[in-house]
Amino acid sequence: MVVMVALVMTAIGGVLWVRSFARAFLRVRGRKGAATPSTVGLDASGFSVERPGGMLRGWFLPAARDPRPTLIFAHGWQSHASDMLAYAKPIVEGGFHVVVFDTLGHGESDRTEFASARHFTEDLLAVWRWALARSETAPGIALGGHSLGGTAAILAAVEGEAEGLVPRAIVTVGSPSDPVKGTEEWLTKKGYPGPLMMRAVYPFWQPIIGWERPRLRAVARMPRLTVPLLVIHGAADRQVGPHHARLLAGARPGTGLELLEGADHWTVPTDPRFGALVVQFLREAFGR
């Protein structure tokens, strides 16, 4: 009997630990950055978009006063819009408006306890709707993002179909093809049994995320896309391996793939090829 009680208590303790780990993993830290548009030499106007869970805040970075095509560029997990200014600068200088924003729980947007790929996708959709109402973006809108933000761009393009929302193009940078698989790989690198951990963790994520796993798999939803897509990845990225870029590009014929030698998860925008690649891709997508 004593042994049985001990085993039960151990099992309960294990379940509680996994639950605590799962919830802590999705808990956002609200990091903020020091960079602003003025510190990197960009003009900007601030904006806010109301969401059921709070207010999103961001910057509209104009390339010119005339209406121009616009790229909405989302940040990744535990990042913020300030980090995305480095990605935006060469694109703005290349003649395109750029919108960057903080998802809920990140940067200057309102606080929230948890975030996930589903939350990132819904926040991006909300900013997309806001941008569509602006005269400056009349020539059309492309979606993009770094890391989980790029995954959200793919998911938002598919989810937006029900509302008739279709971007003109999509750009991903260092993005996981499947955020759950990416997390599994990250856990394995940290010394955890990744596949086993994810099987144990996801049931505790499900009530928070609210989507089944297949709905989060950007690579599986790629065939639904009908717009040009460019996948950029640092060849030396150890946080989200380059194989994710190859999986995304291989999931739909015609998808562009650019692996930047020497760049890791965070240094892609310092490579002069990055801005040139994105600007040329957008010019072709918008016929400019």
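Q: How much space lies in the largest pocket, and what makes a set of grid points a pocket?
A: In this predicted model, the largest pocket holds about 690 Å³ of space, a volume being the space filled by probe spheres set on points joined across faces, edges and corners. On a 1 Å grid over the protein atoms alone, a pocket is an open set of points where a 1.4 Å probe fits, with protein on both sides within 12 Å along at least five of seven lines, and a lining residue has an atom within 4 Å of a point. The lining has 30 residues, of which F25, W77, T183, W186 and Q239 are the closest to the centre.

Q: Which element gives the most to the lining of the largest pocket?
A: With six residues, α5 gives the most; α1 (2-26), α5 (179-189) and α6 (194-209) are the elements that give two or more, helices being DSSP runs of H or I with at least four residues and strands runs of E with at least two, numbered from the N terminus.

Q: What makes the pair E122 and R51 a salt bridge?
A: The side chains meet at 3.6 Å, N to O, which satisfies the requirement that a side-chain nitrogen of Lys or Arg lie within 4 Å of a carboxyl oxygen of Asp or Glu. Because E122 lies in helix α3 (residues 117-132) and R51 in strand β1 (residues 45-51), the pair ties together parts that are 71 residues apart in sequence.

Q: Why is R51 called buried or exposed?
A: The relative accessible area of R51 is 18%, and buried means under 20%, exposed over 50% and partly exposed in between (1.4 Å probe, protein chains only), so R51 is buried. E122, at 26%, is partly exposed.

Q: How do you know that R217 and D178 meet in a salt bridge?
A: The N to O distance is 3.1 Å, so the pair meets the criterion. R217 counts as partly exposed at 33% relative accessibility, whereas D178 is buried at 7%.

Q: What is the phi of Q78, and why is Q78 called buried or exposed?
A: Phi of Q78 is near 60°, a positive value in a residue other than glycine, and most residues other than glycine have a negative phi. With a relative accessible area of 7%, Q78 is buried, and it is found in the loop between β3 (70-74) and α2 (81-93).

Q: How are the values and residue numbers defined?
A: In this predicted model, local features need pLDDT of at least 70 and side-chain atom pairs count only at pLDDT 80 or more, while totals for chains, interfaces and linings use all residues. Residues are numbered from 1 along each chain as its sequence is written, and side-chain values use heavy atoms, with hydrogens and water left out.
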